[in-house]
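Ready for a few warm-up exercises? Have a look at the picture, try each task yourself, then read the solution.

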Amino acid sequence: MADKTGDEEKDEFALFRKEMRDATPIQHDSLLQSKPKPQPKAGLLRSLEDERSAQAFSDMFAPETVGNEEYLEYQGQGIQHRQFAKLRAGKVHLEAELDLHGMTLVKAEPALGAFLETCHQQNIRCVRVIHGKGWGSKDNKPVLKSKLNHWLRQSPLVLAFCSATIGDGGTGALYVLLRRQFTD
């Protein structure tokens, strides 16, 4: 039995070469020039980079483990009560999402740090972070949920966070409100 796929490919290639036999290659004598990257602006971003070490978040002490169905919330200084109430009710426009569900801590920590930094640079204010409830982890303990509760409180980019509404993941996800980017 003959290989029809190989024969068809050979026939198509032969047809292509036949059609292109009168074509002449384009000659060019210039190199493509790339534009230099713009210099970064000084300000909050540079000071945040200086504060960070190799790890995005500190693990100097072990955070307490939270429950699988426990509601999480954090309201930093400067966040208005009305804005926080909107966040808790899920009445804020979500502009981005990060799904960490099923990731290990080693993968989740840099992913969260990079995500928050990217959102801040793009002036994204409200995001959802999906972490899961921890039912599939060892001893059914929500390891990632507990670490996120700790990590997000450390981040200077985070104004507030709370567990999502039932329709957006409930206690397996968080709404996170980020600081505005300061411009010079």
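**Exercise 1.** How many disulfides does a search of the whole structure find?

*Solution.* Before counting, know what you're looking at: this is a predicted model, where local features need pLDDT of at least 70, side-chain atom pairs count only at pLDDT 80 or more, and totals for chains, interfaces and linings use all residues. Residues are numbered from 1 along each chain as its sequence is written, and side-chain values use heavy atoms, with hydrogens and water left out.

Step 1: recall that a disulfide is a covalent bond between the sulfur atoms of two cysteines. Here, a pair of cysteine sulfur atoms within 2.5 Å counts as one.

Step 2: check a candidate. For C126, the closest cysteine sulfur belongs to C162, and at 8.2 Å that is too far for a bond.

Step 3: give the count. The search of the whole structure comes back with zero disulfides.

Step 4: see where these cysteines sit. C126 counts as buried because its relative accessibility is 3%, and C162 counts as buried because its value is 0%. (Buried means under 20% relative accessible area, exposed over 50%, partly exposed in between, using a 1.4 Å probe and protein chains only.)

**Exercise 2.** Work out the order of the strands in the open sheet.

*Solution.* Step 1: fix the terms. Helices (H or I, at least four residues) and strands (E, at least two) are DSSP runs, numbered from the N terminus. Two strands pair if DSSP finds at least two bridges between them.

Step 2: read off the order. The five strands of this open sheet go 1-4-5-3-2, and the pairing is mixed. At the edges you'll find strand 1 (73-75) and strand 2, each pairing on one side only.

Step 3: look at two of the pairs. Strand 4 (residues 158-163) and strand 5 (residues 173-178) run antiparallel and are joined by five bridges; in this pairing, C162 stands opposite Y175. Strand 2 and strand 3 (residues 126-130), on the other hand, run parallel with four bridges, and L98 has V129 as its bridge partner.

**Exercise 3.** Which side chains of strand 2 are buried, and which are not?

*Solution.* Step 1: start from the rule. In a regular strand the side chains alternate between the two faces of the sheet.

Step 2: apply it to residues 96-99. A96 and L98 point to one face and are buried, while E97 and D99 point to the other and aren't.

**Exercise 4.** Check whether the length of helix 4 agrees with what you'd expect.

*Solution.* Step 1: the expected span is 1.5 Å times one less than the number of residues.

Step 2: helix 4 (residues 105-121) has 17 residues, so it should span 24 Å, and its end C-alpha atoms are indeed 24 Å apart.

Step 3: look at its buried residues, which include L112, F115 and L116. Just after the helix comes N123, with a positive phi near 55 degrees.

**Exercise 5.** What does R128 touch, leaving out residues up to four places away in sequence?

*Solution.* Step 1: locate R128, which is in strand 3. It's buried, because its relative accessible area is 15%.

Step 2: look for contacts, meaning heavy atoms within 4.5 Å. R128 touches L94, A96, E97, L98, D168, A173 and L174.

Step 3: compare sequence and space. R128 and L177 are 49 residues apart in sequence, and their C-alpha atoms are 9.0 Å apart.
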